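Trainee: Got a minute? I'd like to go through the empty spaces and the packing in this one with you.
Mentor: Sure, pull it up and ask away.

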Amino acid sequence: MCGIVGYIGRRDATPVLIQGLKRLEYRGYDSFGIATVGSELEVYKRTGSISDGEAEAAHLRGSTGIGHTRWAGYGEPTVVNAHPQIDCEGKIAIVHNGTIENYSDLRRHLEEQGHTFRSETDTEAIVHLIEERYDGDLLSAVNATLPLLQGSYAFLAIMEDAERIIAARNKSPIVLGVGDAEFFAASDLMPLLDYTERVIYLEDGDVADITPGRLDIYHGGQRVERPIELVDWCVEDTRKGGFDHYMLKEIFEQPQSFYETIRAGIDEDVRQMLMDADEITLVACGTSYHTTLIFKYLAETFCNVPVRAEMGSEFKYFTAPLNNLVIAVSQSGETTDTIAALNMAKARNCPTLAITNVQGSTLTRVADKTLLMRAGPEVSVAATKSYTAQLAALMQIINLRCEGAFDDVLSHAHLAIGDVLLHNLEDAVALCSRADHAFFMGRGPFYPVAMEGALKMKEISYVHAEGYAAGELKHGPFALLTPETPVVAICTPGPIYNVMVSNVKEVKARKAPVIALGVDGDKELAEIADIFIPIPDTHLLVQVLTASLVLQLLAYHTACALGRDIDRPRNLAKSVTVE
Ligand code: G6P
């Protein structure tokens, strides 16, 4: 869960690398480093975030270089463990994202051969292996090293005296940016958007030999062609645009991300796949998993199709028969557990569909077909606009299976989303920011909405929050209710309303303060609840969206009130590329 960048061309490499790493920080930010080659190999490494100012002191020479921002795996976040890692002689440097599973064996063997390890990283084994096999040509040394590596890697290697980068990929992403007599390499598109819209996605097993004027890609020893693709994201989308935080900007972009995803529609071949399914299994992690749970409630209600929603990380432990459509939902398209689950489905000959925000991501390569969300780049670690865009894609599936019954609802939903953006949540924020614990409760599709609200609250404000099915709260959690434990209850009209109101009263009877979300004008709820937050009285599909948005804002403002690092919450990374 790290970010790597590389540059080769006519520019001074250092500022390109630093800027690129800043764009990748959401992948990890406990230490960083860069290395360049002019006549010599030069290395600069620091602990902490690359945005904390220390990067500005780096003045390495050369127009070929590599960089890394780290989220510690093997070894603590120290300068020694930061990448680039170098060989014994200090001539070869590499940056790596992934996990080398046979690292201990490799290290033992290399130490027996006389190599001295400086760090505790698995990455260092790779660079010593390359050194061991180096016989005048870096590409050959890398090629001879790859068969020895078990696990996942995306790495870039450079060597003194050579304007050349060797890139290798297996189960961790690398995308190359193609400029004018210059090339860029990165873990994802973000660092490339500043320079080019022409990109090449490396495939698993690819090795790229990159010099300023030439790019050769090999697979299984054979030279291969990979297409240049055009990216439709632009660099402006990656800027804060006057907002205090990316998260707030991205929350405000949700009417657009929902609308654009609906507008893009579903391709004919994907439609056919969706119509042919007798049952649907979804796999996802984190926030994306919550959208699949919402889908399960809505799809089973409206289209009478059986739906399974599974966490990517748990999927392999379920051995139930699987012979129908499997959909993987992932903002990044790079989450290891989700990709592994989709691979399992493929191995069982199930048709597979990826719903993701990132064109060219690994998931799009694994799945038979892709339904692309149109959220644009999401920078903040906490997923917001990608969640809404996922819901847009999933709701389109429901609409498709219901023969367009929700055309009108979906094409106007963005207006209602826009209506809740400026809600005043001051009282609710004051309550939550004083609390150590909070509960979020809902029923039906609002149960996963509550889970997502709680996840947002804990991940960015660090207030411990749990999302519960409202009927379950009395089976244990009631013991934790106190006047200092706010309970956020989502009470929308319809079959869940009366029972939700009863649940709110039960909570109040245990003296816990209630923050209730209900439709505009619901006087009964407003009177029972300590704090009432109105959402527009709209269709159920839209209420799911507006309620989610309010909970995102509640988490955001609570985190601000507590002075948290909103876009880079502690210990978390946006793209989780380990099991
Ligand atoms: C990380 C992120 C979450 C995200 C989850 C799944 O934990 O911090 O925001 O929901 O990964 O990511 P994906 O890219 O697969 O949606």
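Trainee: Which residues lie nearest the centre of the second largest cavity?
Mentor: Keep in mind that this is a predicted model. The ones nearest the centre are Pro173, Ser187, Tyr201, Glu334 and Ser361, out of 14 lining residues.

Trainee: And what's the volume of that second largest cavity?
Mentor: About 100 Å³. Its lining has 7 nonpolar, 4 polar and 3 charged residues.

Trainee: How many cavities of 30 Å³ or more are there?
Mentor: There are 3. The largest has a volume of about 130 Å³. Of its 14 lining residues, Tyr26, Asp188, Gln331, Ser332 and Val358 are the closest to the centre.

Trainee: Which domains does the lining of the largest cavity draw on?
Mentor: Domain 1 (3-236) and domain 2 (243-419) each supply at least three residues. By class, that lining has 6 nonpolar, 3 polar and 5 charged residues.

Trainee: OK, pockets now. What volume does the largest pocket have?
Mentor: About 730 Å³. It is lined by 35 residues, and Cys285, Gly286, Thr287, Ser288 and Leu455 are the closest to its centre.

Trainee: Which element gives the largest share of that lining?
Mentor: H14, with 6 residues. Helix H8 (286-302) and strand E18 (325-330) are among the other elements that give two or more. Domain 2 (243-419) and domain 3 (420-565) each provide at least three residues of the lining.

Trainee: What about the second largest pocket, where does it lie?
Mentor: It lies between domain 1 (3-236) and domain 2 (243-419), because both give residues to its lining. The space in this pocket is about 460 Å³. Ser152, Lys171, Thr336, Ala340 and Glu579 are the closest to its centre, out of 22 lining residues. H9 provides the largest share, 7 residues.

Trainee: Switching to packing: which residues touch the most other members of the largest nonpolar core?
Mentor: Ile327, Ile355, Phe440 and Leu554, in a core of 109 residues. Helix H17 (residues 540-561) gives the largest share, 13 residues.

Trainee: Why does that core lie between two domains?
Mentor: Because domain 2 (243-419) and domain 3 (420-565) both give residues to it.

Trainee: And what is Ile327 in contact with?
Mentor: Leaving aside neighbours within four places in sequence, its contacts include Leu274, Ile280, Val283, Leu353 and Ile397. Apart from that core lies another, of 33 residues, with Leu60, Tyr246, Val358 and Val379 among them.

Note on methods:
Residues numbered from 1 in each chain as written. Predicted model: local features only at pLDDT ≥ 70, side-chain atom pairs only at ≥ 80, totals over all residues. Heavy atoms only, no water. Core = buried A, V, L, I, M, F, W, Y, C linked by side-chain atoms within 4.5 Å. Buried < 20%, exposed > 50% of the residue type's maximum accessible area, 1.4 Å probe, protein only. Helix = DSSP H or I, 4+ residues; strand = E, 2+ residues; numbered from the N terminus. Domains from an automatic or database assignment. Contact = heavy atoms within 4.5 Å. 1 Å grid on protein atoms, 1.4 Å probe; cavity = no way out; pocket = protein on both sides within 12 Å on 5 of 7 lines; lining within 4 Å. Points joined across faces, edges and corners; volume = space filled by probe spheres on them. Nonpolar A, V, L, I, M, F, W, Y, C, P; charged D, E, K, R; others polar.
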